[in-house]
Amino acid sequence: MDNERIAELFEGLGPVSIRKLFGGKGIYFDGVIVAIVIRGELMLKADAESAPDFTAAGCRQWTYTGSRHGKQVAMPYWSIPDSAFDDPDEMAIWARRAYEAGRRAGK
């Protein structure tokens, strides 16, 4: 996903900055990480308060297999509902949830 498309998706939230992160990209708003692009997929930040919304929308949480212990590790990033990619108003709602989760995390 190129930076122009990322900026377009987050227009409803405001101007974002994009930096290299985890071999992908980190997307920040107002100094707070709100999303990542990992393995070509855009994923939004969530926490215990917002994760149920992502689950209810049928989103997937980013997990990976830990190299030292071989167990699944769940990260605080979730896929975006497909409908949000085509609806700027819906995307703005999800982006705002991600920003709020990032603020609560203090990062």
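Buried means a relative accessible area under 20%, exposed means over 50%, and values in between count as partly exposed. The model used in these exercises is predicted.

**Exercise 1. Decide whether Gly24 is buried or exposed, and describe its surroundings.**

Solution.
Step 1. Locate the residue: Gly24 belongs to strand β2.
Step 2. Take its relative accessible area, which is 15%. The limit for buried is under 20%, so Gly24 is buried.
Step 3. List its contacts. When neighbours within four places in sequence are set aside, Gly24 touches Arg19 and Val37.
Step 4. Take one distance. Gly24 and Leu42 are 18 residues apart along the chain, and their C-alpha atoms are 9.7 Å apart.

**Exercise 2. Describe the overall build of the protein chain, and say whether its radius of gyration agrees with or departs from that of a compact globule.**

Solution.
Step 1. Count the elements: the chain has four helices and six strands.
Step 2. Put them in sequence order, which gives α-β-β-β-β-α-β-β-α-α.
Step 3. Compare the radius of gyration. A compact globule of 107 residues would have a value near 13 Å, and this chain has 13 Å, so the two agree.
Step 4. Add the extent: the C-alpha trace spans about 40 × 30 × 25 Å along its principal axes.
Step 5. Add the burial: 40% of the 107 residues are buried.

**Exercise 3. Find which residues have the most contacts inside the largest nonpolar core, and which element gives the most to it.**

Solution.
Step 1. The largest nonpolar core holds 25 residues, and Phe10, Ile27, Val34, Leu42, Leu44 and Met91 have the most contacts inside it.
Step 2. Two or more residues of this core come from each of α1 (3–9), β2 (24–29), β3 (32–38), β4 (41–45), α2 (51–56) and α4 (88–105).
Step 3. The element that gives the most is α4, with five residues.
Step 4. Another core lies apart from this one; it has eight residues, including Tyr28, Ile33, Ile36 and Ile38.
Step 5. Take Leu44 as an example. Beyond four places in sequence, its contacts include Phe10, Val34, Phe54, Trp78, Met91 and Trp94.

**Exercise 4. Work out how β6 pairs with β4 and with β5.**

Solution.
Step 1. Strand β6 covers residues 72–79 and pairs with β4 in the antiparallel sense over three bridges. Here Leu44 stands opposite Trp78.
Step 2. Strand β5, residues 61–65, is joined to β6 by four bridges, also in an antiparallel arrangement. Thr63 has Ala74 as its bridge partner in β6.
Step 3. β5 and β6 make a hairpin with six residues between them, and Gly70 in the turn has a positive phi of about 70°.

**Exercise 5. State what is notable about phi at Asp30 and at Arg39, and whether each is buried or exposed.**

Solution.
Step 1. Recall the background: most residues other than glycine have a negative phi.
Step 2. Asp30 sits in the loop between β2 and β3. Its phi is positive, about 55°, although Asp30 is not a glycine. With a relative accessible area of 61%, Asp30 is exposed.
Step 3. Arg39 sits in the loop between β3 and β4. Its phi is positive, about 55°, and Arg39 is not a glycine. With a relative accessible area of 69%, Arg39 is exposed.

**Exercise 6. Find the nearest side chain of opposite charge to Lys45.**

Solution.
Step 1. Lys45 is in strand β4 and is buried.
Step 2. The nearest side chain of opposite charge is Asp47, 7.9 Å away. A salt bridge requires the charged atoms to lie within 4 Å, so Lys45 has none.
Step 3. Beyond four places in sequence, the residues that Lys45 touches include Ile33, Phe54, Tyr77, Arg97 and Ala105.

Methods: Residues are numbered from 1 along each chain as its sequence is written. This is a predicted model: local features need pLDDT of at least 70, side-chain atom pairs count only at pLDDT 80 or more; totals for chains, interfaces and linings use all residues. Side-chain values use heavy atoms; hydrogens and water are left out. A nonpolar core is a set of buried Ala, Val, Leu, Ile, Met, Phe, Trp, Tyr and Cys residues joined through side-chain atoms within 4.5 Å. Buried means under 20% relative accessible area, exposed over 50%, partly exposed in between (1.4 Å probe, protein chains only). Contact means heavy atoms within 4.5 Å. Two strands pair if DSSP finds at least two bridges between them. Lys and Arg count as positive and Asp and Glu as negative; His and the chain ends are not counted. The radius of gyration is taken over C-alpha atoms; the globule rule is 2.2 Å times the number of residues to the power 0.38.
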